[in-house]
Amino acid sequence: MQTDIWIAIVVAALGTFAMRAVPLLWTQRHFNKHKANNTQAQLPTWIGVLGPLMIAAMLGVSLIPKVNSMAGWSATLAGSLVTVLVWRKTKTLGLPVLAGVLAFGLVFGVSTILL
């Protein structure tokens, strides 16, 4: 592998780790400080909002096809639609993602062959 790919992998790994570790470490420090002062500690609002914000950011990136073509947009639309429909039916997390990825792959493969 090329060096630039390894650098990108390391940066992505460190960023992913930091997004999870920094709030955890901050929260532990926050609670320990209040425990030492014998005061009641409450979690700030931003801690509760951080998870949904990260998921929304990943969703936004996922909705833009990698290949800017009819096949890419069709596959993205089909995968998103199948994911939502399966989620509405099952109300689970794993099965809708699996079904959406399979629908994306199937539509992208068929569209690439036909177009």
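## Pocket, patch and two loop residues

By class, 13 nonpolar, seven polar and one charged residues line the largest pocket. This is a predicted model, where local features need pLDDT of at least 70, side-chain atom pairs count only at pLDDT 80 or more, and totals for chains, interfaces and linings use all residues. Residues are numbered from 1 along each chain as its sequence is written, and side-chain values use heavy atoms, with hydrogens and water left out.

Back to that pocket (an open set of points on a 1 Å grid where a 1.4 Å probe fits, with protein on both sides within 12 Å along at least five of seven lines; lining residues have an atom within 4 Å of a point). The space in it comes to about 640 Å³. There are 21 lining residues, and L59, S62, S80, T83 and V97 sit closest to the centre. Helix 3 gives the largest share of the lining, six residues, while helix 2 (45-62), helix 3 (70-90) and helix 4 each supply at least two. Helices here are DSSP runs (H or I, at least four residues).

On the surface, M70, L106, V110, I113, L114 and L115 make a nonpolar patch with about 740 Å² of accessible area together. Patch members have over 30% relative accessible area and no salt bridge (Lys or Arg side-chain nitrogen within 4 Å of an Asp or Glu carboxyl oxygen), and nonpolar side chains are joined within 5 Å. Helix 4 (residues 94-114) brings four of the residues, the largest share.

Now for some exposed residues (over 50% relative accessible area, 1.4 Å probe, protein chains only):

| Residue | Place | Relative accessible area |
|---|---|---|
| L106 | helix 4 | 59% |
| N38 | loop between helix 1 (3-36) and helix 2 | 73% |
| K91 | loop between helix 3 and helix 4 | 52% |

Phi is positive, near 55 degrees, in N38 and also near 55 degrees in K91.

Conventions. Patch = residues over 30% accessible without salt bridge, like charges linked within 9 Å, V, L, I, M, F, W, Y side chains within 5 Å. Areas by Shrake-Rupley, 256 points an atom, 1.4 Å probe, with all protein chains shown as cover. Buried < 20%, exposed > 50% of the residue type's maximum accessible area, 1.4 Å probe, protein only. Points joined across faces, edges and corners; volume = space filled by probe spheres on them. Nonpolar A, V, L, I, M, F, W, Y, C, P; charged D, E, K, R; others polar.
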